[in-house]
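Colleague: Please take a close look at one part of this model with me, namely its sheet and the core associated with its strands.

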Amino acid sequence: MPPNLTGYYRFVSQENMDNYLRALDINVVLRKLVCLLKPDKEIIHTGDHMVIRTITSLRDYVMDFDLGVQFEEDLGPVDGRKCQTTVSWEGDQLVCEQLGEKRNRGWRHWLEGDQLHLVRRDEVCVQVFQKVK
């Protein structure tokens, strides 16, 4: 049975965010801004439904979805695009597949103790968050 990820997680560290955003064709100004942000995550996980809030001083981004069900994700606040997204479990890892005009989008989340790990597609970018409640 997959873990329940419900909790509030504070940003600890990230690696290679600029390279990941460059590969997605994000403009240099937005890339630099995103690399300065230290986002927190709040996850509400109830059965097959999840809400993942990425919280920054600039703006919040909310994903609200049912596991295993494809939905249209509006990435307008990020890069002005929309994609078809499916989030599901692969063992103990929550895996997001995003299909759209940009290839290699998506991520994996998993817990190691009280730390939430986020790896962007192809392990190009890694973020770590510490659970605080």
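Colleague: In what order do the strands of the open sheet stand, and is their pairing parallel or antiparallel?

Modeller: This is a predicted model, in which local features need pLDDT of at least 70 and side-chain atom pairs count only at pLDDT 80 or more, while totals for chains, interfaces and linings use all residues. Residues are numbered from 1 along each chain as its sequence is written, and side-chain values use heavy atoms, without hydrogens and water.

The open sheet has 10 strands (DSSP runs of E, at least two residues, numbered from the N terminus). Their order is β4-β3-β2-β1-β10-β9-β8-β7-β6-β5, and the pairing is antiparallel; two strands pair if DSSP finds at least two bridges between them. Because β4 and β5 stand at the edges with a single partner strand each, one side of each has no neighbour in the sheet. On average, neighbouring strands are turned by 25° against each other, direction ignored; axes are lines fitted to C-alpha atoms, and angles run from 0 to 180 degrees between N-to-C directions.

At the β5 edge, 5 bridges join β5 to the antiparallel β6. Phe-71 stands opposite Thr-85 in β6. Phe-71 is also among the contacts (heavy atoms within 4.5 Å) of Phe-65, as are Ile-52 and Val-87, leaving aside neighbours within four places in sequence.

A nonpolar core is a set of buried (under 20% relative accessible area, 1.4 Å probe, protein chains only) Ala, Val, Leu, Ile, Met, Phe, Trp, Tyr and Cys residues joined through side-chain atoms within 4.5 Å. The largest such core has 20 residues, and those touching the most other members are Met-63, Phe-65, Val-87, Leu-94 and Trp-107. Elements giving it two or more residues include β1 (7-15) and β6 (81-90), and its largest share, 3 residues, comes from β4.

How values were computed:
Buried means under 20% relative accessible area, exposed over 50%, partly exposed in between (1.4 Å probe, protein chains only). Helices (H or I, at least four residues) and strands (E, at least two) are DSSP runs, numbered from the N terminus.
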